[in-house]
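Hi,

Here's the structure I promised to pass along. Have a look at it first, and then read on for my notes.

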Amino acid sequence: MLTYGGKRVINFEKFINDDNLGEIAIPHKERIRRVVEIFENFYKSSNIKSFKVLDIGCAYGFISSKFKRSNTQVFGIDISDYNVRIANENGILASVGSVET
């Protein structure tokens, strides 16, 4: 669950596991599941001791939060100041910007 100002913003765990959200949500849910699955498989099979992850378009930082490990540095970037504030409040080091900046 992500919060902003102490209030719940969205419960992504429920979002990912809820199959009654309609056709629009299905592709987004599948992308999130797949990205997390790819990272988990890479993390488990890699001999690399530490990782740096840049989440471009991090939004609220949900996917970034899935990558956080003791040996992983996660950085987020998003064009929305609001999204970055929520990500920061939820423990993601994020800043406002774009790929061009």
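Before the notes, one cut-off: a residue is buried under 20% relative accessible area, exposed over 50%, and partly exposed in between. By that rule Asp81 is partly exposed, because its relative accessible area is 41%. Keep in mind as well that this is a predicted model.

Confidence first. The mean pLDDT of the protein is 77, and 68% of the residues score at least 70. Among the elements, strand 5 (residues 93-96) has the highest mean, 95, while strand 1 (residues 2-4) has the lowest, 56. Where pLDDT is low, the predicted coordinates should not be read in detail.

Now the overall layout. There are four helices and five strands, and from the N terminus they run β-β-α-α-β-α-β-α-β. The protein has 101 residues, of which 31% count as buried. Its accessible surface comes to about 6,800 Å², with 55% of that belonging to carbon and sulfur atoms. If you look at contacts with a separation of 6 or more, residues 24 or more positions apart account for 37% of them.

Strand 3 is where I'd start looking. In a regular strand the side chains alternate between the two faces of the sheet. Along residues 51-56, Phe51, Val53 and Asp55 point to one face and are buried, whereas Lys52, Leu54 and Ile56 point to the other and are not. Strand 3 runs parallel to strand 4 (residues 72-78), and six bridges join the two. Leu54 stands opposite Phe75 of strand 4.

So what does Asp55 touch, leaving out residues up to four places away in sequence? The list is Ile63, Ser64, Phe75, Gly76 and Ile77. Asp55 counts as buried because its relative accessibility is 12%, under the 20% cut-off.

Phe75 also turns up on the surface. Together with Leu54, Ile56, Leu93 and Val99, Phe75 forms a nonpolar patch with about 510 Å² of accessible area in total. Phe75 itself is at 30% relative accessibility, so it counts as partly exposed.

Just before strand 3, Lys49 sits in the loop that follows helix 2 (25-45). Lys49 is exposed, since its relative accessibility is 69%. The C-alpha atoms of Lys49 and Asn71 are 7.0 Å apart, although the two residues are 22 apart in sequence.

On to charges. Side chains of opposite charge can pair when their charged atoms come close. How many salt bridges does the structure hold? There are two:

- Arg34 and Glu37 meet at 2.8 Å, N to O. Both lie in helix 2, three residues apart, about one turn of the helix. Arg34 is partly exposed at 44%, and Glu37 is partly exposed at 39%.
- Asp81 pairs with Arg85, with the closest N and O atoms 2.4 Å apart. The two are separated by about one helical turn because they are four residues apart in helix 4. Arg85, like Asp81 above, is partly exposed, at 36% relative accessible area.

Helix 4 (residues 81-89) also contains Asn83. Is Asn83 buried or exposed? Asn83 counts as buried, because its relative accessibility is 16%. Apart from neighbours within four places in sequence, Asn83 is in contact with Ala59, Tyr60 and Asp78.

Cheers

Key. Residues numbered from 1 in each chain as written. Predicted model: local features only at pLDDT ≥ 70, side-chain atom pairs only at ≥ 80, totals over all residues. Heavy atoms only, no water. Buried < 20%, exposed > 50% of the residue type's maximum accessible area, 1.4 Å probe, protein only. Pairing = 2+ DSSP bridges. pLDDT = per-residue confidence, 0-100. Patch = residues over 30% accessible without salt bridge, like charges linked within 9 Å, V, L, I, M, F, W, Y side chains within 5 Å. Areas by Shrake-Rupley, 256 points an atom, 1.4 Å probe, with all protein chains shown as cover. Salt bridge = Lys/Arg side-chain N within 4 Å of Asp/Glu carboxyl O. Contact = heavy atoms within 4.5 Å.
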